[in-house]
Amino acid sequence: VTLTLLLLQLLLLRLPSLELTASSQLPCLVSVFFFSSPFVFRVRKTAMATSAVTEEKPLAVQQDAPLKADLPATTTAVVKKTRKPRIDCIDGCRFALVFPIIVGHFVKFGTKNQILLKLLTQENVFVGGFFIISGYVAGYVSTKIGERDCEREKLANPELFFWQKVMSYYPLHFLISTLFAPMFVVVDRWRKVPATTTAFHAVLNYTLGQAWFPSAAEIWNPPTWFLSALTFVNLALPTIVLPPMSQLSKDGLRKLLWGLGGLSIVQKLSYSQAWQFRCKGAYKTRVSSPHLWNVTRFHPIWALVEVMMGMAAAREVMLDSPEEQKTRRSTHPLLLFVAAHASMFLRTTRRLNLNDALVRSTLFVPLYLRFLQSMHRDCLTSNPTMITRFFGSSTMGKLGALAFPMFIVHGPIGQLFYKRDVATKLFGGVVERRFFPVYLAVVMLVSHLINEGFVKNQTVINFSSRVAKFLAEKTAGMLRDQAPQEAKSGEAKVSTSRKKAPVGCVSA
């Protein structure tokens, strides 16, 4: 990691368009070395301690309850089930995805270097990774390991499942939208936008319905279209997605992956045929039909396709038999990680500079799926590779926890500094390019404060839980083929009939 960062700094010195001198970069070189070296040494020390002390203990199960085989015979009958191993390395990947998205949205205000702009303005590609991880985690926690079945206790009340998912992100969305609402409304007034249009945008923002409207998908806080699409996905998960998918065999899951991937590629080809296959970068090439582009990248149906691909990939790993776990030789996760991100460099070529939609569906998403599967299998071994330990480290876990707040707040903060109407009123114009690293630091600092003071606040958590239960009671039967009263009365009996009833009867 240290050598990579140092090489990146040396590369920046060789780019004359950045107008940076060696003397001005020397503090950066020193800070990079002192920041990353202790981390690398700590990771290495932890890895050596793990191999020496807990040589046969998989990384993913270090903090879990003991297995039945590890307990005395007298206590075996007491233990009914064990907790699933926690895949910390998957959580660490979130920061590696959100950071290039944040950079890509405003990097055109930070540099004029054409190569960097081509590489760093492909944020629409990385968003696919977020949908994949969302599906991967949902599939892992909601289905059973080694069995073709779902966690019936979690899906017994599909309305509660849905509202709990929504309330895990809506409070922060509501907070940031309300705090910055005066700025959003005032900008509309400056631009002479009709009051009815502003009110309509407010309704779409607070109801998370903007992803369904191509002409209004980027209203107020544009990145929150992701939450809009994810809300529809969560609506479909507990009834029509998770139960039938959990019953598929590995062969069926592979066929489903190929089918979903092919469907996504066909849609991206349709968009490319209507516009163009090649692209010099969003900072330079403007789409001729923005609404068509918004339907391609924002529509909830295509988000559901990518989430289902993540679920199918997780289920395939979860169905690995003990024999397969011992004999399987998976591709090194580092190779797949590098290959997925190397697809970004196609933008720098003349003949293979495909648009974001094609790169995302044909290269990045399939390779990133394989990377997650390979790292998942690797973290269950007694000696995980370095990249698995890196993404599963406490440092990446803390950074991964900042991914969601960073994704929500970077847009409004960026508008303060880089939206011409707002920046002119506040600073007399858009801030200088050298301010861009400060902007990134401000986003991380604000995200940390929000994560510690709001997201982790127990009062907020308890309030969200109560709201989710209240809404589930008021919408009982909404996602099932039952009348509300039947759904409520059925909840009292579901605990005794769960093992006998098929999945389709639990949540139609």
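1. Quick definition before anything else: a residue is called buried when its relative accessible area is under 20%. By that yardstick helix H11 is mostly covered, with 18 of its 22 residues buried. Keep in mind that this is a predicted model.

2. Staying with H11, which spans residues 225-246, have a look at Leu-237: the helix bends there by about 70 degrees. A proline, Pro-238, follows within four residues.

3. Leu-237 also turns up in the largest nonpolar core, a set of 112 residues. Leu-237 is listed among the residues with the most contacts inside that core, along with Phe-226, Tyr-368, Phe-371, Leu-372, Phe-391 and Tyr-439. Helix H14 (residues 300-318) gives the most to this core, at 12 residues. Another core, of five residues, lies apart from it and includes Trp-275, Cys-279, Trp-293 and Ala-357.

4. Phe-391 is worth clicking on. Leaving aside neighbours within four places in sequence, its contacts include Phe-337, Phe-371, Met-375 and Met-396. Asp-88, Cys-89, Gly-92, Cys-93 and Ala-96 are in contact with Phe-391 as well.

5. Now Ser-464, in helix H23 (residues 458-474). Ser-464 has a relative accessible area of 8%, so it counts as buried. Its side chain reaches the backbone oxygen of Val-460 at 2.9 Å. Beyond its neighbours within four places in sequence, Ser-464 is in contact with Met-167 and Pro-171.

6. Last one: Lys-84, in the loop between helix H3 (73-76) and helix H4 (88-106). Lys-84 is partly exposed because its relative accessibility is 21%, and the buried label needs a value under 20%. The C-alpha atoms of Lys-84 and Val-141 are 8.0 Å apart, with the two positions 57 residues apart along the chain counted as their separation.

Technical notes:
Residues are numbered from 1 along each chain as its sequence is written. This is a predicted model: local features need pLDDT of at least 70, side-chain atom pairs count only at pLDDT 80 or more; totals for chains, interfaces and linings use all residues. Side-chain values use heavy atoms; hydrogens and water are left out. Helices (H or I, at least four residues) and strands (E, at least two) are DSSP runs, numbered from the N terminus. Buried means under 20% relative accessible area, exposed over 50%, partly exposed in between (1.4 Å probe, protein chains only). A polar contact is a pair of N or O atoms within 3.5 Å; within protein, one must be able to donate a hydrogen and the other to accept it, and residues adjacent in sequence count only if both atoms are side-chain atoms. Contact means heavy atoms within 4.5 Å. The bend at a residue is the angle between axes fitted to the seven residues ending there and the seven starting there. A nonpolar core is a set of buried Ala, Val, Leu, Ile, Met, Phe, Trp, Tyr and Cys residues joined through side-chain atoms within 4.5 Å.
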